[in-house]
Amino acid sequence: MSAAVAAVEAGASVIVVEKADSTGGHTAISGGAFNSSTPEEKTHYHFDERQIGVESLITDALSETPVSAEHKALQDEVRAEYEAYLQTDHTMFDSPAWHALQTWNGGDKLGSIPHIRQMTEFSYDTVKWLENMGVEFHDGVTSGPGAMYARAHRPVRARGSAYLLAFENFLEDKDATVLLETTGKSLIMDGDRVVGVNALGRNGNKVTLYANKNVILATGGFAGNVELRQQYGEGGQWSDLGPTLITTNLTTITGDGLFMARDAGASLVNMGQIQLAHIVDPVSGYTGGYLPRTTLSVFVNREGQRFTREDGRRDRMAAAILEQTGGSIFVVSSSDVTGAIEKDELPTFRPVPYVADTLEALAEMIGVPARALIETVENYNAHALAQTPDEFGRVVYTAPLENPPFYAQERAPAAHHTMGGVNINLEGQVLKADGTPLEGLYAVGEITGVIHGTNRLGGNAILDVLVNGRIFGTNAAR
């Protein structure tokens, strides 16, 4: 949809082929967090959230021995920006270069630095583009789960639907057609060029679409496809990606576009890189609920103890949770950071959190030792009050968890995002095995495999689909 809007803005007519009965895919059910650095005068925290380890995060990244000329250039740019920042009456350091360096390091240096830099460089401009289309963001930034830094812009409208509503409204009176419940099956070739799409309509009728200019694949990943994730992902970071592992993915998103691209001659890269979301409902795979934000909470196992930093990398948090008794944990918080919920409001949240007036009562509800839970929270509170890193290395804090009601929700890892996929160049053109463009075909979003490396930072998926959708949609309209 981002690419469609951009293509229309560039003067093209557009047909959107959507397998589901509504637009948006995972974006529609996502938390909606959009990572972007902002001009410093516009940057402040949305929540009462303090990131006390900024200096060490930056100096550690800059002290690494560069592994390439691109890495060194990125470090040098961040170093110059940070040194200039320290000479000002600063409030919070961030920049597109620092965002890019964190993204690359967070993916274990497997992603493409040029692609990452393009994405972060155009992030704030895309925030303004979205605002001009009517998307309203909360004031300030925050740190989403697995984001590693506070730079997430959150739409006021629930979850990712804010973006889709803006796009749908924009396209309503434009030269654009959206075909819902229409499934792309294969790409139409004219020699070595992609010229259209074969699809099936909602009644099984054949739909044949020819492109005057180009085709864009934005069909998502394959974390919900058990066979594919076992084929590509098992034996690497994860030993078992089988059917007992739940997924956050919609049932309509099964990797179809990957097969379409591959059969047309596209190269697939980094296919073994599969991410688990660390805290989802262990029954449904639902990512929402009242306590999803890790920086407002602590994670405790069935022994009532913390075991990892809650503001760390998703893959490391997921791995740590899987090592705990039962393979799931409880996210614990309080009214100090979430606000009090009236009991008659609880059914509106999925799943319903445990709520109690004391930590002792909460411990009984969730079946953990009361004394251990109390000591865990007291230790966390001491660090939150002193604003000092704890034994797990946590650097993002809100208020201490002191006042009732206290809340808890059970959470577990689930198959979430696939970092591998179609190889693309900086224009968004799909590449063949020899590195040359597959003429007529572009790709954007989770179907691509060159940006996020081994681990996608939280808030970077929405960034990817919206920024690159905008850039590649414009390119494809030429």
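The following paragraphs go through the cores, the empty spaces, two sheets and some backbone details of this predicted model.

The interior comes first. In soluble globular proteins, nonpolar side chains tend to be buried together. The largest nonpolar core here has 87 residues. Within this core, the members that touch the most others are Phe 34, Trp 98, Leu 130, Tyr 163, Leu 187 and Val 422. Helix H8, residues 161–171, contributes the most to the core, with seven residues. A second core is separate from this one and has 22 residues, including Val 300, Val 332, Leu 362 and Ile 366.

Next come the empty spaces. Rolling a probe the size of a water molecule over the atoms shows where empty space is left. When the whole structure is searched, one cavity of 30 Å³ or more is found. The largest cavity holds about 40 Å³ of space. Its lining consists of Leu 228, Tyr 232, Leu 258, Phe 259, Arg 262, Leu 268 and Met 271. Two or more of these lining residues come from each of helix H9 (226–233) and helix H10 (256–263). H10 gives the most to the lining of the largest cavity, namely three residues. By class, the lining of this cavity has six nonpolar residues, one charged residue and no polar ones.

The second largest pocket has a volume of about 390 Å³. Its lining is made up of 18 residues, and Leu 57, Asn 105, Met 148, Arg 313 and Arg 316 are the ones nearest the pocket centre. Three helices each supply at least two residues of this lining: H3 (54–63), H5 (96–106) and H11 (314–322). H5 has the largest share, with four residues. Sorted by class, the lining of the second largest pocket has seven charged, six nonpolar and five polar residues.

The sheets can be taken in turn. Strands of a sheet pair through backbone hydrogen bonds, either parallel or antiparallel. One open sheet has three strands in the order E6-E7-E8, and the pairing is antiparallel. E6 and E8 are the edge strands; each has a single partner strand, so one side of each is left without a neighbour in the sheet. From one strand to the next, the twist averages 25 degrees. E6 and E7 run antiparallel and are joined by seven bridges, with Ser 186 opposite Asn 198 in E7. On the other side of the pairing scheme, strand E7 (residues 193–200) pairs with E8 over five bridges, again in the antiparallel sense. Val 207 in E8 is the bridge partner of Ala 199.

Strand E8, residues 206–210, has side chains that alternate between two faces. Val 207 and Leu 209 point to one face and are buried, whereas Lys 206, Thr 208 and Tyr 210 point to the other and are not buried. The hairpin of E7 and E8 has five residues between the strands, and in this hairpin Gly 204 takes a positive phi near 85 degrees.

Another open sheet also has three strands, in the order E9-E19-E18, but with mixed pairing. Its edges are strand E9 (215–217) and strand E18 (429–431); each has a single partner strand, so one side of each is left without a neighbour in the sheet. Neighbouring strands of this sheet are turned against each other by 55 degrees on average, with direction ignored. E18 and strand E19 (residues 437–443) run antiparallel and are joined by two bridges. Leu 431 stands opposite Pro 437 in E19.

Some backbone details remain, and these lie in loops. Lys 109 is not a glycine, yet has a positive phi of about 65 degrees. Lys 109 is in the loop between H5 and helix H6 (113–121). With 28% relative accessibility, Lys 109 counts as partly exposed, because that class runs between under 20% for buried and over 50% for exposed. Glu 181 also has a positive phi without being a glycine, at about 50 degrees. Glu 181 lies in the loop between strand E5 (176–179) and strand E6 (183–190). At 34% relative accessibility, Glu 181 counts as partly exposed. Finally, Pro 404 and Pro 405 are joined by a cis peptide bond, with omega about 0 degrees. Pro 405 is in the loop between strand E15 (396–397) and strand E16 (406–418).

Terms used: Residues numbered from 1 in each chain as written. Predicted model: local features only at pLDDT ≥ 70, side-chain atom pairs only at ≥ 80, totals over all residues. Heavy atoms only, no water. 1 Å grid on protein atoms, 1.4 Å probe; cavity = no way out; pocket = protein on both sides within 12 Å on 5 of 7 lines; lining within 4 Å. Points joined across faces, edges and corners; volume = space filled by probe spheres on them. Nonpolar A, V, L, I, M, F, W, Y, C, P; charged D, E, K, R; others polar. Core = buried A, V, L, I, M, F, W, Y, C linked by side-chain atoms within 4.5 Å. Buried < 20%, exposed > 50% of the residue type's maximum accessible area, 1.4 Å probe, protein only. Pairing = 2+ DSSP bridges. Axes fitted to C-alpha atoms, helices over the stretch in contact; angles between N-to-C directions.
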